[in-house]
Amino acid sequence: MTAATMTAPVPARPPSRLLALTEPGRAFAEMAAFYALRPAMRALPKGDGHGVLVLPGFMASDGSTRPMRSLLTDLGYDVAGWNLGRNVRVDNARIEAMMGCVDELTDNTGGKISIVGWSLGGVFARELAKMAPEKVRQVISLGSPISDDRNHTNARRLFEFLNGKEPEPMKEGNFEGLHKSPLVPTTSILTKADGVVGWRGSVQHHDAKHNAQTENIEVIASHLGLGVNPTVMMAVADRLAQAEGRWKPFEPSGLKGLLFPKTRLH
């Protein structure tokens, strides 16, 4: 085997059918764990009151992010959902409406906001931060397909059926180069057990010349459970609690470190 063969990139492919079929059951268990541990989550790092906009995944609505938003509110953030119904269409009107959400929350809080996006919502979070980096403090994506190759996800056919292979924003030169992070601190939370988005499509490749403040955090979770998984909530709370301008990579200490796998992300 040659060196070139050894370093060849793995072709984009969606998760296995087994992972996809087990998604609902695993997500239900994560939801149960979330509510069982909800009282203990009050001990997570507290926020400084800055605004946090939370965006739902493809085909989902604010209802899916309600548990996470409730937790973040209790931790001391000024939290907002997007109030735009289900996340189905990707068109210029929807992008303009989401930017309106960013503007409204920054106006209401008087400072930069953080954006947390689940799956497709994370793609939107990153693109919004590229459009208005002066208004965004940091971005956190959960199981998001941050690649231009849609073959990483099982939802490709449905997405393209509803939006076409080239959604309206792409026709105007936007939403290209999804792998490039915005010029703000950016965290991609991913799971190798993702049954919707192949984990390689969520890996953020470090580019110090473009933005040194980027990272990947691997968790043990399902795709549908990322928004309620207790370990994910620990990571999100830790990231959001950082003081503005003092971002550092995620380094769980002590026993917490056992909850976060540190495998090779290639």
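**Entry 1: pocket lining**

I sorted the lining of the largest pocket in this predicted model by residue class and obtained 24 nonpolar, eight polar and five charged residues. The lining comprises 37 residues, and I noted a pocket volume of about 740 Å³. I then looked up which residues lie nearest the centre of the pocket, and found Gly-57, Phe-58, Ser-119, Leu-120 and His-223. As to helices, I recorded that α3 (23-37), α4 (62-74), α6 (120-131) and α7 (156-163) each supply at least two residues of the lining.

**Entry 2: aromatic pairs**

I searched for paired rings and recorded three aromatic pairs. For Phe-58 and Phe-159 I noted ring centres 5.7 Å apart and planes at 65°; the cut-off for edge-to-face is over 60 degrees, so I entered the pair as edge-to-face. I placed Phe-58 in the loop between β1 (51-55) and α4, and Phe-159 in helix α7; the pair therefore ties together parts that are 101 residues apart in sequence. Phe-58 is also among the residues nearest the centre of the largest pocket.

I next asked whether Phe-58 is buried or exposed. At 18% relative accessibility it counts as buried, because the cut-off is under 20%. Phe-159 has 12% relative accessibility and counts as buried.

I turned to Phe-250 and Phe-260, whose ring centres are 4.9 Å apart with the planes at 75°, so this pair is edge-to-face. Both residues lie in the segment after α9 (230-240), ten residues apart. I checked their exposure and found Phe-250 buried, and Phe-260 likewise.

**Entry 3: a charge over a ring**

I looked up what sits over the ring of Trp-199. The charged end of Lys-192 is placed there, 4.5 Å from the ring centre.

**Entry 4: strand β3**

I examined the burial of β3 (residues 113-118) and found six of its six residues buried, so I entered the strand as largely enclosed by the rest of the structure. In a regular strand the side chains alternate between the two faces of the sheet. For β3 I listed Ile-113, Ile-115 and Gly-117 as pointing one way, with Ser-114, Val-116 and Trp-118 pointing the other way.

I then traced the pairing of this strand. β1 and β3 run parallel and are joined by four bridges, with Val-52 opposite Ser-114 of β3. β3 also pairs with β4 in the parallel sense, over six bridges; here I found Ile-115 opposite Val-139 of β4.

**Entry 5: strand β5**

I continued from β4 (residues 136-142), which pairs with β5 in the parallel sense over four bridges. Which residue of β5 is the bridge partner of Val-139? I identified Thr-186. Val-139 thus appears twice in my notes, opposite Ile-115 and as the partner of Thr-186.

For β5 (residues 186-190) I recorded five of five residues buried, and the strand as mostly covered. Thr-186, Ser-188 and Leu-190 point one way from β5, while Thr-187 and Ile-189 point the other way. I confirmed that the residues of both groups are buried.

I followed β5 to strand β6 (residues 214-218) and noted parallel pairing over five bridges. Leu-190 of β5 stands opposite Glu-218 in β6.

Technical notes: Residues are numbered from 1 along each chain as its sequence is written. This is a predicted model: local features need pLDDT of at least 70, side-chain atom pairs count only at pLDDT 80 or more; totals for chains, interfaces and linings use all residues. Side-chain values use heavy atoms; hydrogens and water are left out. On a 1 Å grid over the protein atoms alone, a cavity is a set of points where a 1.4 Å probe fits but cannot get out, and a pocket is an open set with protein on both sides within 12 Å along at least five of seven lines; lining residues have an atom within 4 Å of a point. Grid points are joined across faces, edges and corners, and a volume is the space filled by probe spheres set on the points. Ala, Val, Leu, Ile, Met, Phe, Trp, Tyr, Cys and Pro count as nonpolar, Asp, Glu, Lys and Arg as charged, and the others, Gly among them, as polar. Buried means under 20% relative accessible area, exposed over 50%, partly exposed in between (1.4 Å probe, protein chains only). Two strands pair if DSSP finds at least two bridges between them. Rings of Phe, Tyr and Trp (its six-membered ring) pair if their centres lie within 6.5 Å; planes under 30 degrees apart count as stacked, over 60 as edge-to-face and the rest as tilted. A charge sits over a ring if NZ of Lys or CZ of Arg is within 6 Å of the ring centre and within 35 degrees of the ring normal.
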